[in-house]
Amino acid sequence: MEKPDLYVLARFLDTLYKNGQPMKKTNIQMRMGLNYSRFSEYLDWLLAHGLVFKDDTGDVELYGLSPRGLDSYHRLVDWIRDTMHDMKI
Amino acid sequence: MSSDSEEAAQSANAKLDGMVQDAEELCAFMKRKHDGETRAAAVSVGAVAWLAALFGLGVISSAVSSPIFFGDPAGFFVAVTAIAVACAVSTYALRRRRRLPFAELNSLVNKMKEGKASPEDGLRLVDSVHEAMLALKKGKVDDAFWYGAVAFFLVGLFGKNVAVGLLTGVIVYLYFRHEALGEYENESRRYEESKRDFAQSL
């Protein structure tokens with residue numbers, strides 16, 4: 001995936017951020033409302049960019065927001081606020 | 001969540017709520033500006049149409065030596081004014097039909113005010129506000145034509161030289177069109193670059 005959709009990334013980061021705890025793949029996919037192949041593409045992209053980490057030490061694989069992902073979430077919120085604030089007629 | 005992460009979450013929510021407030025103020029301002037410009041455009045078109053009708057009907061009536069206008073100055077002015085009012089009303093109606101998406105923007109703002117705003121809603125709102133702003137800026141391209149027409153009639157009538165009036169009108173039109181398009185393209189490019197840079201920085 002070359003150019004991920006910023007809306008989907010925002011939804012992904014927000015889902016993991018609001019949950020606060022690592023989540024199962026199925027639960028994330030359900031909250032995201034994406035089909036499996038699209039969801040997997042985004043998950044792979046986020047893992048490759050270090051925004052999400054995988055915890056496979058337990059019985060089930062869990063996915064959570066990495067410190068870099070947390071930082072990206074806050075930068076996204078700041079970018080939205082600053083962009084809106086800078087909009088001038 | 002730990003107290004640190006709760007604080008961070010509250011801070012993120014506060015920033016998004018502040019953004020909704022900014023968007024609301026910006027939408028209200030854009031609506032006022034759009035309404036004001038619609039009224040101003042209708043008045044300008046009415047004034048230009050009045051002068052044009054005065055000139056056109058005057059030329060026609062003197063060319064055909066019609067007693068209808070010269071015999072009845074009140075009727076002549078009523079006809080000129082009726083043409084001007086018709087032009088102003090149609091301009092007003094046309095511009096109102098091309099309304100900016102304020103209703104959609106307001107519903108998005110209200111939706112975000114009701115629940116907790118998410119970054120995805122924030123992105124959608126920023127995009128919508130940006131589109132409305134661009135539409136407002138693009139409207140200035142239409143206005144350039146009327147600035148040109150006003151310049152043409154002012155110079156043509158008071159200078160009593162149609163050729164100079166026409167040249168002035170074209171120059172004024174091209175100048176304002178160039179300014180409006182430049183502003184539109186700069187704003188559009190600036191926003192897209194900022195969005196692309198941010199996406200690449202993730």
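Two strands count as paired if DSSP finds at least two bridges between them. Keep that in mind as we walk through this predicted model.

Let's start with strand β1, residues 23–24 of chain A. Two bridges tie β1(A) to β3(A), and the two strands run antiparallel. With two bridges found, the pair makes the cut-off of at least two, so β1(A) and β3(A) count as paired. One contact point to look for is M23(A), whose bridge partner in β3(A) is Y63(A).

Now hop over to strand β2, residues 52–55 of chain A. Here four bridges link β2(A) to β3(A), again in an antiparallel arrangement. You can pick out F53(A), which has G64(A) as its bridge partner in β3(A), and V52(A), which stands opposite L65(A). Follow the chain from β2(A) to β3(A) and you'll trace a hairpin, with six residues between the two strands.

Put these pieces together and you get an open sheet of three strands in chain A, ordered β1-β3-β2 with antiparallel pairing. β1 and β2 of chain A are the edge strands, each pairing on one side only. Helix α1, residues 6–19 of chain A, packs on this sheet and touches β1, β2 and β3 of chain A. The direction of α1(A) makes about 95° with that of β3(A).

Finally, take a look along β3(A) itself, residues 62–65. Which way do its side chains point? They alternate. Y63(A) and L65(A) point to one face and are buried, while L62(A) and G64(A) point to the other face and are not buried. So how do the bridges fit in? Y63(A), one of the buried pair, is the partner of M23(A), while G64(A), on the other face, is the partner of F53(A).

How values were computed. Residues numbered from 1 in each chain as written. Chains lettered and ligands numbered in written order. Predicted model: local features only at pLDDT ≥ 70, side-chain atom pairs only at ≥ 80, totals over all residues. Buried ≥ 20, exposed ≤ 12 C-beta atoms within 10 Å, placed from the backbone. Contact = placed C-beta atoms within 7 Å. Axes fitted to C-alpha atoms, helices over the stretch in contact; angles between N-to-C directions.
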